[in-house]
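Student: Please walk me through this model. Keep the answers short, and state each cut-off when it comes up.

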Amino acid sequence: MKKTWWKESVVYQIYPRSYADSNGDGIGDINGITSKLDYLKLLGIDVIWLSPVYKSPNDDNGYDISDYEAIMDEFGTMEDFDRMLSEAHARGIKIVMDLVVNHTSDEHEWFLESRSSKDNPKRDYYFWREGRDGKEPNNWGSWFSGSAWKYDETTDMYYLHLFSPKQPDLNWDNPAVRKEVFDMMTRWCEKGIDGFRMDVISLISKPAGLPDAPLMNELYGDCGCTANGPHVHEYLQEMNEKVLSKFDIMTVGETACVTLEEAKKYANSEGTELNMVFQFEHVGLDGDAEFKWSTRKMPLVPLKENLTKWQKGLDEVAWNSIFFCNHDQPRVVNRLGDPSDEYREVSAKCIATCLHMMQGTPYVYQGEELGMTNYPFQSVKDFNDLESINAYYELTEKMGWKPSEIFPKIANKSRDNARTPMQWDDSPNAGFTTGKPWLAVNPNYKKVNAAEQVARADSVFNYYKKLIELRHKYEIIVYGHYDLQLAEDPELYVYTRELDGKKLLVVCNFSDNEREFMPDEEFRNGEVLIQNYEGSDVFDGILSPYEAYVIYTE
Ligand code: GLC
Ligand code: CA
């Protein structure tokens with residue numbers, strides 16, 4: 001297997017709006033991030049993935065970009081950005097930018113022109129279609145509820161938006177669009193950034209003729225029909241040839257609806273497209289058949305089956321990104337662990353052990369390293385995220401759900417759970433801002449915060465720090481081959497890694513029960529690399545609730 005820096009790195013995702021506010025307006029900003037680089041250096045991460053900081057009207061918190069080469073007013077200036085980049089580099093930390101090019105904002109200059117008339121030179125930068133019998137051109141639903149088409153009076157036609165109406169889809173079949181995007185990417189690379197996380201990049205090639213999709217519910221067609229479209233690999237190969245291959249950068253595709261077979265193409269080890277992709281099958285396991293909203297926990301047996309499929313399926317032929325958390329996912333302690341006082345820390349460490357000992361590049365989402373938890377939402381008025389708000393109204397008003405039935409499900413899975421401000425210390429607003437935070441701080445910040453955890457040796461923070469150190473020290477953690485044990489056990493996740501005769505045993509008890517488990521003979525003289533019950537005897541055959549440990553032998 002070819003060795004590279006991005007396989008050996010640990011990535012930390014920052015959602016700038018919620019990270020650190022430097023000027024008291026209640027909104028996180030770039031200078032705030034710069035002030036926390038020493039904290040990140042201490043944690044030991046190698047790369048920051050920065051959620052979008054570009055100019056944006058913030059309909060979808062920066063994922064609706066109106067200028068790819070300017071910084072959002074609320075976040076600061078290009079000088080602030082340059083300073084952050086050089087300060088990060090001075091600490092040996094790389095910065096990967098979010099590249100959101102499936103769509104722009106409807107306030108982007110390209111769209112303003114495109115919308116202005118049928119014969120504008122940029123008309124074909126987006127998808128404009130006539131209505132069908134006075135209605136939308138096809139049945140596609142938006143990922144954010146409602147139709148994926150919006151009627152525009154200016155020219156009496158509809159435009160396509162797979163996300164919000166303020167996020168019109170770019171037409172990648174138009175070579176002029178691809179050139180604009182590739183040139184813009186080149187300018188960022190020349191500026192010295194270290195890579196791209198590519199937003200919903202699996203959706204950029206729409207099926208020819210934009211045909212109706214199979215019905216997802218009684219109202220709309222399945223928007224997943226646009227994933228892994230006919231030319232997506234061709235366009236990414238062109239991007240690779242014209243931009244990516246010219247720089248020593250890291251790329252990760254956010255590939256909604258990706259299958260194992262598709263991932264082998266996107267992240268192929270010949271390097272003709274991207275370095276790695278995010279797959280989402282495992283984080284969908286606690287959803288219900290029709291949609292993600294639910295109050296269920298992640299079921300362990302299917303989770304093991306799924307992650308094992310990806311671990312083994314991409315070994316040697318592609319590369320995994322490994323993650324449980326990001327700005328679109330609820331907090332993992334609630335999904336897979338136990339947020340109660342008794343088990344929050346130990347279960348957060350158990351989850352982290354399980355993920356960080358796998359093959360692939362690990363991603364830590366801000367606050368995950370503290371074991372931050374979901375927010376106790378009380379009503380739809382507490383939400384900021386348009387996905388949660390739209391879903392609530394569509395499901396109650398159009399689909400007939402009772403508010404009391406659907407609200408807890410949305411609250412449990414809402415993207416806002418991940419977006420509450422970072423909890424820095426126990427001062428008002430968790431030290432995130434001196435003003436009024438744009439989204440409420442989780443009330444548990446006095447107990448759960450960075451200052452307390454950095455100072456305490458057995459904290460979740462110091463456990464993540466140790467996991468990251470281990471990955472940097474042991475090649476087997478990066479490159480070793482993975483094998484699952486006890487596939488059918490509903491509470492234990494046990495697996496091994498193997499590389500050149502060396503072996504790791506990873507044992508995680510995902511339950512609050514005491515369980516019997518004895519490591520195999522070959523590990524009896526091994527070294528315990530990390531454990532979340534400090535000092536406990538791993539060979540006594542007993543696992544405490546949420547106990548996790550790793551044994552290394554050579
Ligand atoms: C991706 C982003 C999400 C955003 C969507 C539209 O899924 O992660 O936050 O809303 O794309 O850009
Ligand atoms: Ca600010």
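Tutor: Contact means heavy atoms within 4.5 Å. This is a predicted model: local features need pLDDT of at least 70, side-chain atom pairs count only at pLDDT 80 or more, and totals for chains, interfaces and linings use all residues. Residues are numbered from 1 along each chain as its sequence is written, chains are lettered from A and ligands numbered from 1 in the order in which they are written, and side-chain values use heavy atoms, with hydrogens and water left out.

Student: Which residues is His-161 in contact with, leaving aside its neighbours within four places in sequence?

Tutor: His-161 is found in the loop between β8 (157-160) and α5. Helices (H or I, at least four residues) and strands (E, at least two) are DSSP runs, numbered from the N terminus. Beyond four places in sequence, the contacts of His-161 are Ser-142, Ser-147, Ala-148, Trp-149, Lys-150, Gln-167, Pro-168 and Asp-169.

Student: Is His-161 buried or exposed?

Tutor: Buried means under 20% relative accessible area, exposed over 50%, and partly exposed in between (1.4 Å probe, protein chains only). The relative accessible area of His-161 is 3%. Since 3% is under 20%, His-161 is buried.

Student: Which residues does His-356 touch, not counting those up to four places away in sequence?

Tutor: His-356 sits in helix α10 (residues 344-356). With a relative accessible area of 1%, His-356 is buried. Outside that sequence window, His-356 touches Val-10, Pro-362, Val-364, Tyr-464, Leu-467, Arg-471 and Ile-477.

Student: What are the protein donors of the calcium ion (ligand 2)?

Tutor: Donors are N, O and S atoms within 2.8 Å of the metal (3.2 Å for Na, K and Ca); water is not among the atoms, so sites may look incomplete. In sequence, the donor residues follow the spacing D-x1-N-x1-D-x1-I-x1-D. At 2.2 to 2.4 Å from the ion lie Asp-21 (OD), Asn-23 (OD1), Asp-25 (OD), Ile-27 (O) and Asp-29 (OD).

Student: Is Ile-27 buried or exposed?

Tutor: Take another donor residue first: Asp-25, at 36% relative accessible area, is partly exposed. The value for Ile-27 is 10%. That puts Ile-27 under the 20% limit, so Ile-27 is buried.

Student: How many aromatic pairs are there?

Tutor: Rings of Phe, Tyr and Trp (its six-membered ring) pair if their centres lie within 6.5 Å. Planes under 30 degrees apart count as stacked, over 60 as edge-to-face and the rest as tilted. By this rule the count is 34.

Student: Why is the pair of Tyr-54 and Trp-188 edge-to-face?

Tutor: The ring centres of Tyr-54 and Trp-188 lie 5.7 Å apart. Tyr-54 lies in strand β3 (residues 54-55) and Trp-188 in helix α5 (residues 175-191), so the pair ties together parts that are 134 residues apart in sequence. Tyr-54 is buried at 2%, and Trp-188 counts as buried at 2%. The pair is edge-to-face because the planes meet at 85 degrees.

Student: How far apart in residues are Phe-81 and Trp-188?

Tutor: The rings of Phe-81 and Trp-188 have their centres 5.3 Å apart and their planes at 75 degrees, so this pair is edge-to-face. Phe-81 is buried, with a relative accessible area of 0%. Phe-81 is in helix α3 (residues 78-90) and Trp-188 in helix α5, so the pair links parts of the chain separated by 107 residues.

Student: Which residues do ring pairs link into a cluster?

Tutor: Phe-81 and Trp-188 belong to this cluster. The full set is Tyr-54, Tyr-68, Phe-81, Trp-110, Tyr-125 and Trp-188.

Student: Which ring does the charged end of Arg-123 sit over?

Tutor: A charge sits over a ring if NZ of Lys or CZ of Arg is within 6 Å of the ring centre and within 35 degrees of the ring normal. The charged end of Arg-123 is 4.0 Å from the ring centre. The ring belongs to Trp-128.

Student: How much area do domain 1 and domain 2 bury between them?

Tutor: Domain bounds come from an automatic or database domain assignment: domain 1 (11-106 + 170-467), domain 2 (109-160) and domain 3 (480-553). Buried area is the accessible area (1.4 Å probe) that two parts lose on being put together, summed over both. Of the area between domains 1 and 2, 60% is on carbon and sulfur atoms. The total is about 2,500 Å².
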